[in-house]
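This report goes through one protein model, from its helices to its core and its loops. Please keep the sequence and the structure in view while reading.

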Amino acid sequence: STQDAGVQDTVITSAGLLSPPRHQTLSVMSGYRPRRPAPPPPNMPGADLLRKYFDRVDSNQSGTITPKELQAALVNGNNSEFNMVTINMMINMFDHDKTGEICFKEFGSLWRYVVDWQN
């Protein structure tokens, strides 16, 4: 019967929820293509302002931000500086070319992460 076919096409997950068989889910998910990138958060600065922020943090004007430069630019809510372990973790999260420093594009990703976290 039609009801039996529906039951056979359903799998019970470890959480006890009903879901379509894995092969159906993967085929649906693999065809997904976003039409455009997500809009920036409401308090995300435009590219020109972001460049000004980057240039201020890049105190030696090398074109990249070192861990020390990032630490000098960031302040905790209690006016203390960020721990260098935290700074290095932030650099490592967004340093896609693994130079140990953040370029402008990577800085934009870091900035967006911080803004999203604040929101």
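Helices here are DSSP runs of H or I with at least four residues, and strands are runs of E with at least two, numbered from the N terminus. This is a predicted model, in which local features need pLDDT of at least 70 and side-chain atom pairs count only at pLDDT 80 or more, while totals for chains, interfaces and linings use all residues. Residues are numbered from 1 along each chain as its sequence is written, and side-chain values use heavy atoms, with hydrogens and water left out.

**Helix H3**

Helix H3 covers residues 47-57, and Leu50, Phe54 and Val57 in this helix are buried (buried means under 20% relative accessible area, exposed over 50%, and partly exposed in between, with a 1.4 Å probe and protein chains only). These three lie on the same side of H3 because they cover an arc of only 65 degrees around the axis, taken from the directions between the helix axis and the C-beta atoms. An α-helix has 3.6 residues a turn, so residues three or four places apart point the same way. The buried residues of H3 pack against helix H4 (67-73) and helix H6 (104-118), where contact means heavy atoms within 4.5 Å. On the face turned away from the buried side, H3 carries the exposed residues Asp48, Lys52 and Arg56.

H3 also holds both partners of a salt bridge, Asp55 and Arg51, which are four residues apart, about one turn of the helix. Their closest N and O atoms are 3.8 Å apart; the term requires a side-chain nitrogen of Lys or Arg within 4 Å of a carboxyl oxygen of Asp or Glu. A search of the whole structure finds one salt bridge.

**The nonpolar core**

The largest nonpolar core has 15 residues, and Ile65, Leu70, Ile87, Ile91, Ile102, Phe107 and Leu110 have the most contacts inside it. Such a core is a set of buried Ala, Val, Leu, Ile, Met, Phe, Trp, Tyr and Cys residues joined through side-chain atoms within 4.5 Å. H3, H5 and H6 each supply at least two residues of this core, and H5 gives the most, with four. Leaving aside residues up to four places away in sequence, Leu110 touches Leu70, Met90 and Phe94.

**Two loop residues**

Gln61 and Lys98 are residues other than glycine with a positive phi.

| Residue | Loop | Phi | Relative accessible area |
|---|---|---|---|
| Gln61 | between H3 and H4 | near 55 degrees | 53%, exposed |
| Lys98 | between H5 (84-94) and H6 | near 55 degrees | 60%, exposed |
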